[in-house]
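Here is a walk through one protein chain, with the sequence and the fold side by side. Keep the model open and follow along.

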Amino acid sequence: MAAADLAITDVIAHPLSCRLPKPQRTGFGDYPVIEIVLVEVRTDAGIVGFGECLGRAGSVAYAQAIERILKPVLVGRNPLDSQALWRTMQRKLSGRSGGMLIEAIAGVDIALWDVAGKVAGLPVHRLLGSMGRARVDAYASSINWYDDAQAEAETRDCLALGFRQIKVKIGKPVKDAIRRCELIRRVAGGDVKLMTDSNWAFDVDEALAVGDAMAALDYWWFEEPIPAENVSGYVALRAKTKVRLAAGESDYTVWHARELIERQAVGVIQPDVARSGGISETRRIADLAHAFHVAYAPHVGWSGAICVAASLQLAAAAPNFLTYECMAYDNPLRQALTTEPVGDSRHLIDGQAAVPQGPGLGVAIDWDVVARYRAT
Ligand SMILES: [Mg+2]
């Protein structure tokens with residue numbers, strides 16, 4: 001069958017839920033359980049593509065959105081027309097693009113790119129026009145906002161895994177955040193790149209105080225210092241602080257990212273492919289950032305293996321890619337969902353993560369794991 005004749009025959013969404021062996025603690029709160037949706041797009045050629053979207057605390061609802069809202073406009077269409085399908089799916093949302101539906105679209109869009117790669121017999125990064133990267137720089141994410149002894153032990157663990165870039169969660173009060181920055185710099189030494197992530201913990205004045213301390217300690221970036229909605233706050237902060245600002249994981253589309261990018265509010269943009277409309281929209285965000293000389297660093301967080309694989313494909317293709325968020329803690333949905341681990345902290349080479357080179361996303365699903373973690 002010629003590729004031009006392909007048609008989507010079914011879209012199946014698998015809601016998954018998993019209790020983490022060690023809960024993440026950020027300045028925002030604790031995350032003991034994660035939920036994602038594995039999306040399966042089937043075609044009449046027998047080629048099946050896989051995608052993933054965030055599920056937050058409601059993966060069953062996300063799966064229903066995919067099967068009830070998106071599937072009816074996909075079945076019968078050519079999966080290779082991914083840009084036309086993105087627009088068709090977007091039009092199922094009346095109103096400003098964002099939220100759950102854009103996340104649901106992300107899951108489908110990633111699966112469509114997986115199909116396209118499998119049809120072509122090429123990894124997605126080559127379909128995108130690759131930078132030819134077999135490996136990409138990776139940073140450890142993240143030292144938890146627990147007590148000093150745990151933070152120090154976690155930092156030593158990350159160094160032992162070979163990381164040369166480490167992110168540190170910080171929160172209120174300001175003096176504790178600064179003390180944590182000092183501690184981790186002491187433990188890591190002067191040559192390791194360090195960054196912080198406050199997950200919106202501060203207001204502009206507080207963030208300014210923390211940012212000044214970080215600059216003095218030679219930190220690399222300050223992530224989500226203030227709430228994502230406060231774009232003018234980012235602009236004000238950028239004008240006053242020496243430390244580079246990073247944000248974007250809380251936004252959905254290129255139009256949201258545009259506010260941060262064209263106002264030069266951040267030096268690093270961090271879309272999450274499982275939230276920001278999939279590979280198509282994330283690529284548009286990375287390209288827009290490139291036009292404004294802003295770096296692109298994929299956000300992965302507590303997503304699963306398909307999000308990781310898609311992020312690595314984008315990382316290998318984006319000219320302005322900076323570094324990949326490599327989670328340093330156990331998560332079965334990331335480490336066991338595919339038959340081979342992908343982008344895993346236990347398999348770094350000189351602090352870098354390997355880019356899957358097989359067709360599509362370059363991964364295969366372990367269906368026993370899907371069954372084990374199915375949400376109901
Ligand atoms: Mg973050």
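Let's start with S142, which sits in strand β4. Strands here are DSSP runs of E with at least two residues, helices are runs of H or I with at least four, and both are numbered from the N terminus. A cis peptide bond links S141 to S142, with omega at about -20°.

Before going on, a word on what you're looking at. This is a predicted model, where local features need pLDDT of at least 70 and side-chain atom pairs count only at pLDDT 80 or more, while totals for chains, interfaces and linings use all residues. Residue numbers run from 1 along each chain as its sequence is written.

Back to β4, which covers residues 135–143 and is mostly tucked away: seven of its nine residues are buried. (Buried means that 20 or more other C-beta atoms lie within 10 Å of the residue's own, exposed means 12 or fewer, and partly exposed is in between, with C-beta atoms placed from the backbone.) Which strands does β4 pair with? Two strands count as paired if DSSP finds at least two bridges between them. Strand β12 (residues 352–354) runs antiparallel to β4, joined by three bridges, and V136 has A353 as its bridge partner there. Strand β11 (residues 324–327) runs parallel to β4, with four bridges; in that pairing A140 stands opposite C326. Strand β5 (residues 165–169) is also parallel to β4, over two bridges, and I143 partners V168. To get from β4 to β5, the chain passes through helix α5 (residues 148–160) in a right-handed β-α-β crossover. Right-handed means that, with the strands pointing away from the viewer, the path from the first strand over the helix to the second runs clockwise.

Just past β5 there's another cis peptide bond, between K172 and P173, with omega about -5°. P173 lies in the loop between β5 and α6 (174–188).

Now zoom out. The chain has 13 helices and twelve strands, and 54% of its 376 residues count as buried. It splits into domain 1 (3–123) and domain 2 (126–361), with bounds from an automatic or database domain assignment. Their centres, taken over C-alpha atoms, are 23 Å apart. How many residues of each domain are in contact with the other? It's 41 from domain 1 and 42 from domain 2, where contact means C-beta atoms, placed from the backbone, within 7 Å. On the domain 1 side, α3 (99–120) is among the elements that supply at least two residues each, and α3 gives the most, with 13. That side divides into 22 nonpolar, twelve polar and seven charged residues. Nonpolar here is Ala, Val, Leu, Ile, Met, Phe, Trp, Tyr, Cys and Pro, charged is Asp, Glu, Lys and Arg, and the others, Gly among them, are polar.

Have a look at P356 too, in the loop between β12 and α13 (367–372). P356 counts as buried because it has 22 C-beta neighbours inside 10 Å. Leaving out residues up to four places away in sequence, P356 touches several others, including P123, A309 and L312.

Finally, two loop residues other than glycine have positive phi values: R56, near 45°, and D350, near 50°. R56 has 14 C-beta neighbours inside 10 Å, so it counts as partly exposed. D350 is in the loop between α12 (332–335) and β12, and with 8 such neighbours D350 counts as exposed.

Definitions and conventions. Contact = placed C-beta atoms within 7 Å.
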